[in-house]
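User: Before I rely on the labels attached to this model, I would like to see how they are reached, with the values set against the cut-offs.

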Amino acid sequence: AASGPAVCAACPAGSYFTAVDGARCAICLAGKYSASAGLSSCAACPAGSYSPVPGASNASTCNACPAGNYSLSSGSTQCTGCPAGTSSHTLGASTAATCTPCPAGRYATTPGGAECAACPKGSYSSAVGASTPATCTKCPAGSYSAAVG
């Protein structure tokens, strides 16, 4: 019996060609994607974004880092939170410089915050970059602070 001609199939979207002999396809790792069939590599999500999804077949799986977070490099699977004592309003940040210290009268206890919390009424703080409400000091007797922060 004669055998027919061999048929070559392209690696599907979400995967890439890995072997020189054409024998293997591998799924794209998280942080990467391949949008069409037959590719020899996967594209990386850009800096400032991330994707936790392996085998992604389009760039829409790359999510912008939320406010209070950033990713320095392309191909990230998660974003890094701004340190405690800082915050950032920027979406899709690709540098730690987006994290700015909390101003006096405010603090951020946990990493990854978009906002710094204000010291409560009746207290104040001169500390910049505070990471604990313990920096908020009650106003001394005979004085007050009607505003938060």
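The exchange below takes up the labels one at a time.

Analyst: This is a predicted model, in which local features need pLDDT of at least 70 and side-chain atom pairs count only at pLDDT 80 or more, while totals for chains, interfaces and linings use all residues. Residues are numbered from 1 along each chain as its sequence is written, and side-chain values use heavy atoms, with hydrogens and water left out.

User: What makes C45 and C62 a disulfide?

Analyst: A disulfide is called when two cysteine sulfur atoms lie within 2.5 Å, and the S to S distance of C45 and C62 is 2.0 Å, so the pair qualifies. The structure holds seven disulfides.

User: Why is the disulfide of C45 and C62 called left-handed?

Analyst: The torsion about its S-S bond is about -75°, and therefore the disulfide of C45 and C62 is described as left-handed. C45 lies in the loop between strand 4 and strand 5 (49–50), and C62 in the loop between strand 5 and strand 6 (63–64), so the pair ties together parts that are 17 residues apart in sequence. Strands here are DSSP runs of E with at least two residues, numbered from the N terminus.

User: How do you know that C82 and C99 are bonded, and what makes each of them buried?

Analyst: The sulfur atoms of C82 and C99 are 2.0 Å apart, and they form a disulfide, which is left-handed with -75° about the S-S bond. Buried means under 20% relative accessible area, exposed over 50%, and partly exposed in between, using a 1.4 Å probe and protein chains only. C82 has 0% relative accessibility and therefore counts as buried; C99, with a relative accessible area of 12%, is buried too.

User: Why is C139 not assigned a bond to C119?

Analyst: The closest cysteine sulfur to that of C139 is in C119, at 9.8 Å, which is too far for a bond. C139 has a relative accessible area of 19%, so this residue is still classed as buried.

User: What makes G38 partly exposed, and which residues is G38 in contact with beyond its neighbours within four places in sequence?

Analyst: The relative accessible area of G38 is 47%, which lies between the two cut-offs, so G38 is called partly exposed. Contact means heavy atoms within 4.5 Å, and, leaving aside its neighbours within four places in sequence, G38 is in contact with A10 and C11. The C-alpha atoms of G38 and C11 are separated by 4.8 Å, although these residues are 27 residues apart along the chain.

Terms used. Helix = DSSP H or I, 4+ residues; strand = E, 2+ residues; numbered from the N terminus.
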